[in-house]
Amino acid sequence: MARTLIRNATVITVDPKLGDITRGDILIEGSKIAAVGQNLEAGSAEVIDATNKIAIPGFVDTHRHTWESLLRAAGPDWSLGQYFTGVRVVMGGLYTPEDNYVANLLGAYEALDGGMTTLYDWSHNNNSPEHADGVIRGLQDSGIRAVFGYGNANAEWFPPNEIPTDWADIRRVRKEHFASDDGLVTMAVAIRGPQFTTLDITEKDIRTARDIGARITIHVGDGLWGLSKPLVQMDGRGLLGSDMTYVHCNTIGDEEFALIAATGGTTSISPELEMQMGHGLPPALRMLEVGIRPSISTDVVTTVPADMFGAMRALLAGTRLMVHMKALEEKRMVEPLPLSSRDVLEFATLQGARACGLDHKTGTLTPGKEADIVLIDTNAMSLIPVNSPVSAVVEFSHIGNIDSVFVAGEARKRNGKLLGVDFPAFRRKVDATRDALFERAGAPTDGSWVVKPYQEEKNLQF
Ligand SMILES: [Zn+2]
């Protein structure tokens, strides 16, 4: 069994029992963390000198529409209505299965490069069995730990609609690709819910997901769409449970947060995207009030980067802004500041693992868990001197500071470079795939692509 000893790091375990370890070591045996502590015996292990590096658990991005990776940066200036037209009306239906594959491989490599060892692929462009096979293959070929959240076809996402979910294909995928839940890539179901389809279809989707033993995620409370009390509606049918993760939650009611807490659900906040597109205020404090500790996600690279450092900072700043503004109106100061850097790092790691149902495997640097580890190199002008390792990670680090990434004990990034990827060849493939897709769409790639908001398009036939 391969053994690797990471030597002399500042180890932020995110495990409350283990805490932070100065000049700490991590022993990896096979796919697992065998020991964490000081002055561990190396024996025959390969030793990695991690002096001046900070070790953290790999980040967990709990909600990314990875298939949109080919649309990167197309829409930072798009409204939510324009986004919906660009992604759904124009692009989604034009994707080939190979486009889905290339996009997912790109998004998964990007995640690994950015220290995300687990990616929840909220996959909602499965327009045929071959499209679903394409996105799954993209995740599997990358070497990342991923949850494939099967989330309907493009045509099933135009609201409102009553197209039933294609459960025959979801069952096929379960059988063909995910007969076991032990692989590096596992399966869940990403449903539309009452904001995008009927309550009857929602009920069938939730009950069938449970029938095939898959966890469930759902968008709720994003902007105006979220004011329809989606959780109250689902609770009326007795559908809520601890196997559900609720994405966004910006505009749901207080009683709906109480319902999530009472039924043991988990949550995912996409702070930067939600503030940009108008989903609502960051809901972290409303969650904490009822005892829910959220996870963090990046959502869509059409609009914001898949950068967990940026997402952590956006959540911290956005949450504090709300509290400061209220205090300013009341002519008082805020003491103490709400949320800490350590809270937010925990959201990005351990709470992400919980939301994926994977906290028995990842999310903390705990002996017995899988070795999903990120090393951040503090040999950078922007990181010295290190006066608080947790704050250095959350508030001052960027993807370029990531030295190494391990997934299940396998090195996926070392010395700042992704391993096993021929970047020039992969870039040629990505560019050619993008060129063909945008040509079919008649969409320019020079920044001049402006689309109409979806509201104006709703009477068109698709
Ligand atoms: Zn989403």
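The paragraphs below lead through the confidence, the domains, the helix packing and some backbone details of this structure.

The coordinates belong to a predicted model, and a reading of them may begin with the confidence that the predictor assigns. The mean pLDDT of the protein is 96, with 98% of the residues at 70 or more. Among the elements of the protein, strand β5 has the highest confidence, at 99, whereas helix α15 (residues 454–457) has the lowest, at a mean of 64. The pLDDT is below 50 over residues 457–462, a stretch that has six contacts in the model beyond near neighbours in sequence. Where pLDDT is low, the predicted coordinates should not be read in detail.

The chain is divided into two domains, of which domain 1 is made of residues 3–57 together with 366–417, while domain 2 covers residues 59–355. Taken over C-alpha atoms, the centres of domain 1 and domain 2 are 28 Å apart. Where the two meet, 20 residues of domain 1 are in contact with 21 residues of domain 2. On the side of domain 1 that touches domain 2, the elements that supply two or more residues are β5 (53–57), α13 (389–396), β15 (402–407) and β16 (410–414), and of these α13 gives the most, with five residues. By class, this side of domain 1 consists of twelve nonpolar, three polar and five charged residues.

Helix α13 also appears in a helix pair, since it packs with α11 at an angle of about 65 degrees, the two axes being 9 Å apart. An angle of 65 to 115 degrees counts as roughly perpendicular, and α11 is therefore placed in that class relative to α13. The crossing of α11 and α13 is left-handed. From α11, the residues S341, R342, V344 and L345 meet V390, S391, V393, V394 and E395 of α13, and the contact of α11 with α13 comprises five nonpolar, two polar and two charged residues.

Helix α11 (residues 341–348) packs in turn with helix α10 (residues 308–329), at an angle of about 130 degrees and with the axes 10 Å apart. At that angle α10 and α11 are therefore oblique to each other, and α10 passes α11 in a right-handed crossing. On the α10 side the contact is made by M308, M312, L315 and L316, and on the α11 side by V344, L345 and A348. The residues of the contact of α10 with α11 are divided into seven nonpolar, no polar and no charged. V344 and L345 of α11 are thus named in the contact with α10, and V344 and L345 are also named in the contact with α13.

A further pair is formed by helix α3 (residues 129–142) and helix α4 (residues 167–177), which pack at an angle of about 40 degrees with their axes 11 Å apart. The helices α3 and α4 are therefore oblique to each other, and their crossing is right-handed. P129, A132 and I136 of α3 meet D169, R172, V173 and H177 of α4. The contact of α3 with α4 contains four nonpolar, one polar and two charged residues.

Some details of the backbone remain, and they can be placed in the loops of the model. The peptide bond from E335 to P336 is cis, with omega near -15 degrees, and P336 lies in the loop between α10 and α11, the helices whose right-handed crossing was described above. A cis peptide bond also joins I384 and P385, where omega is about -10 degrees; P385 lies in the loop between β14 (373–377) and α13, and α13 is the helix that gives five residues to the side of domain 1 that touches domain 2. Finally, V14, a residue other than glycine, has a positive phi, near 60 degrees, and V14 is located in the loop between β1 (3–12) and β2 (20–29).

How values were computed. Residues numbered from 1 in each chain as written. Predicted model: local features only at pLDDT ≥ 70, side-chain atom pairs only at ≥ 80, totals over all residues. Axes fitted to C-alpha atoms, helices over the stretch in contact; angles between N-to-C directions. Helix = DSSP H or I, 4+ residues; strand = E, 2+ residues; numbered from the N terminus. Parallel < 35°, antiparallel > 145°, perpendicular 65-115°, else oblique. Left-handed = near helix turned anticlockwise from the far one by under 90°. Contact = placed C-beta atoms within 7 Å. Nonpolar A, V, L, I, M, F, W, Y, C, P; charged D, E, K, R; others polar. Domains from an automatic or database assignment. pLDDT = per-residue confidence, 0-100.
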